[in-house]
Amino acid sequence: MSGDDTIPTWEEVARDHGRRIYAFAYRLTGNAHDANDLVQEVLIRVRRGLRSYRPGSFEGWLWRITRNAFLDEVRRRGRRPTVPLPEGDLGHMGSSPDPDAELSRTRLGEEVQAALLDLPYEFREAVVLCDVVGLTYDEIAESVGIPIGTVRSRIHRGRRLLKELLD
Amino acid sequence: MHPRELISAHLDGELDPVAEARVAAHLESCPACAAELEDVAAARQSIRSLPEPPGAAGALAGARRGSRGVRRWAVAVTAAAATAALAGAVALGPGVADAPFDLDALVEQHTARVVLDPGISTLRGPMGGP
């Protein structure tokens, strides 16, 4: 993790945060191809942005870039979403000692992913930043550019709606 | 009054001490809010239990390749631009060859092309939101 008084190199950002950026993108879009593209776009923007980066809230800076890249892609495409494919979630089933348990866990993961995609975007984004990426409420407020009260509300309403969708 | 929208913040330890004490006391005496706490805690747990999504390694390897690719591309463009600038200087006379070569702008163009190309067709975005 980069401290507040150092400027990380691009390689450090890619190494230390790449997986979280990918997880963010995957959980927001539901598919690996889009997540893959987004990671590359974010890392390109990070590399450009690091030239003018000044030590401060690195997490807020990084995730503001990440979500802006995501939203730019969405706007540019301007398309209605489609139902995502399950992707490789089934890929490691064969090696499980208990295929039934593995299958039910995989199905549960797919159900949670599908429910996430059914959330209104603002709720989905807040929930993913909190529960997948692991940002604090302050960091989410800074990344998204909303007051902390709105962060609280979006996370709470997102989780409540997710629970309803999963029941 | 039910502090409904503070319940997740309570769960995440994101309330200041005064609000935390108020919400905790309320949850002790309000079955409806206690039930809501259980609901959001279950949702939170289901998201936090998700496995690492498939394909991360490939994406990161791709990003590293992409980084090198941009550099290779930039070298190629530099060479091509030098050739073009020379041709332009010959064809158009003085001035063209003196124009500053803006590598950053070219890399940005390349980035735009890369981003435009792959065809992300299934992004779900804010257009579905409230």
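Which cysteine sulfur is closest to the sulfur of Cys30(B), and how far from it does it lie? In this predicted model, the closest partner is the sulfur of Cys33(B), at 3.8 Å, and this is too far for a bond. A disulfide is a covalent bond between the sulfur atoms of two cysteines. The cut-off that decides the matter here is 2.5 Å between the two sulfur atoms, so the 3.8 Å that separates Cys30(B) from Cys33(B) does not qualify. The same search, carried over the whole structure, returns 0 disulfides over all chains. As for their surroundings, Cys30(B) is buried, its relative accessible area being 8%, and Cys130(A), in the other chain, also counts as buried, at 4% relative accessibility.

With the cysteines placed, the reader may turn to the overall make-up of each chain. Chain A is built from 7 helices and 0 strands, which gives the pattern α-α-α-α-α-α-α when the chain is read along its sequence. Of its 167 residues, 53% count as buried, and among the contacts in chain A whose separation is 6 or more, 67% are made by residues 24 or more positions apart. Chain B, for its part, has 5 helices and 0 strands, and its sequence runs through the pattern α-α-α-α-α. Here buried residues make up 36% of the 130 residues, while residues 24 or more positions apart supply 58% of the chain B contacts with a separation of 6 or more.

One helix pair of chain A can be followed in detail. The helices α1(A) and α5(A), the latter spanning residues 121–133, pack at an angle of about 145°, and their axes are 10 Å apart; the crossing of α1(A) past α5(A) is right-handed. On the side of α1(A), the contact is made by Arg20(A), Ala23(A), Phe24(A), Arg27(A) and Leu28(A), and on the side of α5(A) by Tyr121(A), Arg124(A), Glu125(A), Val128(A), Leu129(A), Val132(A) and Val133(A). Sorted by character, the residues of this contact comprise 8 nonpolar, no polar and 4 charged.

Val133(A), which has its place in helix α5 of chain A, offers a view of this contact from a single residue. Its relative accessible area is 5%, and because buried means under 20%, Val133(A) falls into the buried class. Leaving aside neighbours within four places in sequence, Val133(A) touches Arg20(A), Phe24(A), Trp63(A) and Val128(A). The C-alpha atoms of Val133(A) and Arg27(A) are separated by 10.0 Å, although the two residues stand 106 residues apart along the chain.

Arg20(A), already named among the contacts of Val133(A), also takes part in a salt bridge with Glu59(A), at 2.9 Å from N to O. This pair links distant parts of the chain, since Glu59(A) sits in helix α3 (residues 58–77) and Arg20(A) in helix α1 (residues 10–29), 39 residues apart. Glu59(A) counts as buried, with 8% relative accessibility.

A contrasting setting is found for the salt bridge between Asp16(A) and Arg15(A), whose closest N and O atoms are 3.1 Å apart. Asp16(A) is partly exposed, at a relative accessible area of 33%, and Arg15(A) is exposed, at 61%. Over all chains, the structure holds 17 salt bridges.

Where does a salt bridge cross between chains? Arg159(A) pairs with Asp12(B), their closest N and O atoms being 2.9 Å apart. The crossing leads from helix α7 (residues 148–166) of chain A, which carries Arg159(A), to the loop between α1 (7–11) and α2 (17–29) of chain B, which carries Asp12(B). Both ends are buried, for Arg159(A) has a relative accessible area of 0% and Asp12(B) has a relative accessibility of 17%. Nor does this pair stand by itself: through salt bridges that share partners, Asp131(A), Arg159(A), Asp12(B), Arg44(B) and Arg48(B) are joined into one network.

Terms used: Residues are numbered from 1 along each chain as its sequence is written. Chains are lettered from A and ligands numbered from 1 in the order in which they are written. This is a predicted model: local features need pLDDT of at least 70, side-chain atom pairs count only at pLDDT 80 or more; totals for chains, interfaces and linings use all residues. Side-chain values use heavy atoms; hydrogens and water are left out. A salt bridge is a side-chain nitrogen of Lys or Arg within 4 Å of a carboxyl oxygen of Asp or Glu. Buried means under 20% relative accessible area, exposed over 50%, partly exposed in between (1.4 Å probe, protein chains only). Helices (H or I, at least four residues) and strands (E, at least two) are DSSP runs, numbered from the N terminus. Axes are lines fitted to C-alpha atoms, for helices over the stretch in contact, and angles run from 0 to 180 degrees between N-to-C directions. A crossing is left-handed if the near helix is turned anticlockwise from the far one by less than a right angle, and right-handed if clockwise. Contact means heavy atoms within 4.5 Å. Ala, Val, Leu, Ile, Met, Phe, Trp, Tyr, Cys and Pro count as nonpolar, Asp, Glu, Lys and Arg as charged, and the others, Gly among them, as polar.
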